[in-house]
Amino acid sequence: MTHKLTGDGRVLSVDTLARVEGEGAMHVQVHGGEVTDVQLQIFEPPRFFEAFLRGRAYTEPPDITARICGICPVAYQMSACNAIEQACGVVVPEEIRQLRRLLYCGEWIESHALHVYLLHAPDFLGYPGVVEMARDYRELVEQGLRLKKAGNQLLELIGGRAIHPVNVKIGGFYRLPTPAELRDFRPVLEQALADSIATVQAVAGFETPDFEQPYTYLSLRREDGYPLESGSVVTSTGLAFPVERFDEHVAEQHVEHSNALHAWLRGSGPYVVGPLARYSLNHDVLTDVAKEAAAAAGLGDTCRNPFRSIVVRAVELVEACQVALQVVDSWRGAPAAAVPVEPRAGVGYGGTEAPRGLLIHRYRLAEDGTIEDAVIIPPTSQNQPSIEADLRGFVQDRLDLPDDELTRQCEQAIRNYDPCISCATHFLDLHVDRA
Amino acid sequence: MTLVIGVGNPDRGDDGVGPAVAARVAALGLSGVRVAPTVDPARLIDAWDGESDVVVVDAVRVGLGDGPRVVSLRVDEQPLPGWAACGGTHAFSVASAIELSRALGRLPEHLVVVGVAGCDFSTGHGLSSDVRGRMDAAIESVRAAVHGAHPTQGGPG
């Protein structure tokens, strides 16, 4: 919707930003040919879940926090488990870690397939949405749905069900899959791997604007593989620290236009989490098949163009499928489905790589395990300052575009981050105010 | 066999009416009926894949005006009307799932959407008293759809 202001000014607004998980608002102010202000307006409901967790038992966060998001419940469960286990001084056995990794692969496959095919690809192929795209690219969409279904099936196999998995508990799982169950699933993963490689090939050819950005990247890192279920924090500025020192390096601050807290790297400023950060800080530990797919797609050691995030996401689809196959092939069971976790007074941090980026949980427990304080830092709130910075630079270079086209491109720029506003907020509209 | 799918998030106020109605229908033990809840509309395509008779129950956020508070719409032959945009907090809506399935030729032969007008979608809230009062009417609409009383497309009253 466009409004004429007095003189030559005008206001352009889109009441609903489509194809973003959740809802919110974006406001862009232009004066005298200069972008003077960009605000991602987050009207976060009261941080309900953090408040809801206070006074609950230390065993409850995996089930409670899984309800924050229907797209990435495993991320919430895994970060919650890591944090509570750290507070209680427990390290789970390698078999449990591997099974968590496998469950997380299911979530990555489903979430990335949803975003790449159903939400983001239409931007690059010139369609208003996937419904219109499907009429011309039926096989491509079917490929995406097949991938999404494979992720869904993996979530059901390991998590008990795809939405809000019920098989996860502090210390491990309620039930372990048998080696035969995982072997039987192998053909689905083999097809998913083939579909993922084809996905990289398909999206590598998408035309993208030249929009390299000087991001500071932040992600988890493991020396033995691409980060999913655990790791320590590294940044592109050379920092490396364990998750439990997150508060020493990252500050959350309230900004007037948003109810969601903005995260800043102390002494540095905004940073980016998610596929671009993970890839740039961990490409050396990708599996060989993912490295080959990335190289064939023209990705180097880093990627600083947010419009190429769709290619990196596709490479991560390959990685998730290959890691899942590796876990399936090596699975021999475990002595127990879970290890005992006895409560004790203390603070624990948990960090895992949600599909959209690092997800931090912090809990303070009383001696009997009652949760005294809970803090959840979702990836989208960490990326908000960078989304705003992207919009500022992106709009500035395109002020000559007509309103409709500028708005469409702004929406695409926001979708580069696959923002899950439902985790951070709700209601997202887009307003460009030219005066 | 009819598949009844309740869509919505029980932690988002009236958005939870779909799963709530589905649970009540499951408790009735109707013969020839299977029930499934889901939070994410993007999973509908898989959920109804291969099914011929499906009823979807979801919250309707806006658009009923002074009309009925529970609507039943057959959508296998025509799209869900814009005024019946269903509730839900995610990008891929029930309407998206219907139209993508239609474009791919994967829509159930009979697909009915039962929409229940909601008013409060706040995080952490349960169903509003208004919506709780519409539950019986919603269940009756599901029963009617299950028994083949397929409604025709219509606008708000």
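# Working through sheets, cores and contacts

## Exercise 1: a small sheet in chain A

An open sheet in chain A has three strands with antiparallel pairing, in the order E7-E8-E9. Work out which strands stand at its edges and what that leaves open.

Solution. Keep in mind that this is a predicted model.

Step 1. Go to the ends of the order: strand E7 (218-221) and strand E9 (240-241) of chain A each have a single partner strand, so one side of each has no neighbour in the sheet.

Step 2. Look at one pairing. Strand E8 (residues 232-235) of chain A goes with E9(A) in the antiparallel sense over two bridges. Here Val234(A) sits opposite Ala240(A) in E9(A).

Step 3. Add the helix. Helix H9 (residues 275-282) of chain A lies across E7 and E8 of chain A, and runs at about 55° to E7(A).

## Exercise 2: the sheet of chain B

Find the strand order of the open five-stranded sheet in chain B, then go through its pairings.

Solution.

Step 1. Start with the chain as a whole: chain B has five helices and five strands. Reading from the N terminus, its elements go β-α-β-α-β-β-α-β-α-α.

Step 2. Now for the sheet. The order is E2-E1-E3-E5-E4 (chain B), and the pairing is mixed. Strand E2 (33-38) and strand E4 (70-74) of chain B are the edge strands, pairing on one side only. On average, neighbouring strands of this sheet are turned by 20° against each other, direction ignored.

Step 3. Take the pairings one by one.

- E1(B) and E2(B) run parallel and are joined by six bridges; Thr2(B) is opposite Val33(B) in E2(B).
- Strand E3 (residues 53-60) of chain B pairs with E5(B) in the parallel sense over eight bridges. Asp53(B) is opposite His110(B) in E5(B), and Ala59(B) is opposite Val116(B) in E5(B).
- E4(B) and E5(B) are antiparallel, with five bridges; Val71(B) has Gly115(B) in E5(B) as its bridge partner.

Step 4. Trace the link between E1(B) and E2(B). The chain gets from E1(B) to E2(B) through H1(B), and this β-α-β crossover is right-handed. Helix H1 (residues 17-28) of chain B lies across strand E1 (2-7), E2, E3 and E5 of chain B, at about 145° to E1(B).

## Exercise 3: two residues, two settings

Is Val113(B) buried or exposed? Decide the matter for His249(A) as well.

Solution.

Step 1. Place Val113(B) in strand E5 (residues 110-117) of chain B. Seven of the eight residues of E5(B) are buried, which leaves the strand mostly covered.

Step 2. Count neighbours. Val113(B) has 26 C-beta neighbours inside 10 Å, so Val113(B) counts as buried; the cut-off is 20 or more.

Step 3. List the contacts beyond four places in sequence: Val113(B) touches Val56(B), Asp58(B), Leu73(B), Val75(B), Leu80(B) and Val94(B). As for Leu30(B), it is 83 residues from Val113(B) in sequence and 19 Å away in space, C-alpha to C-alpha.

Step 4. Turn to His249(A), which is in helix H8 (residues 246-249) of chain A. It has 17 C-beta neighbours inside 10 Å and therefore counts as partly exposed.

Step 5. Again leaving aside neighbours within four places, His249(A) is in contact with Leu239(A), Phe241(A), Leu265(A) and Arg266(A). Arg332(A) is 83 residues from His249(A) in sequence and 40 Å away in space, C-alpha to C-alpha.

Step 6. Zoom out to chain B: of its 157 residues, 55% count as buried. Of the contacts in chain B with a separation of 6 or more, 79% come from residues 24 or more positions apart.

## Exercise 4: the nonpolar cores

Which members of the largest nonpolar core touch the most other members?

Solution.

Step 1. Recall the general tendency: in soluble globular proteins, nonpolar side chains tend to be buried together.

Step 2. The largest core has 157 residues, and Ile109(A), Val315(A), Ala324(A) and Val142(B) touch the most other members. Helix H4 (residues 94-125) of chain A supplies the largest share of this core, 15 residues.

Step 3. Pick Val315(A). Beyond four places in sequence, Val315(A) contacts Val200(A), Tyr279(A), Ala290(A), Ala293(A), Ala294(A), Ala297(A) and Leu299(A).

Step 4. Finish with a second, separate core of 13 residues, including Met26(A), Leu391(A), Ile414(A) and Tyr417(A).

Methods:
Residues numbered from 1 in each chain as written. Chains lettered and ligands numbered in written order. Predicted model: local features only at pLDDT ≥ 70, side-chain atom pairs only at ≥ 80, totals over all residues. Core = buried A, V, L, I, M, F, W, Y, C linked by C-beta atoms within 7 Å. Buried ≥ 20, exposed ≤ 12 C-beta atoms within 10 Å, placed from the backbone. Helix = DSSP H or I, 4+ residues; strand = E, 2+ residues; numbered from the N terminus. Contact = placed C-beta atoms within 7 Å. Pairing = 2+ DSSP bridges. Axes fitted to C-alpha atoms, helices over the stretch in contact; angles between N-to-C directions. Right-handed = clockwise from strand over helix to strand, strands pointing away.
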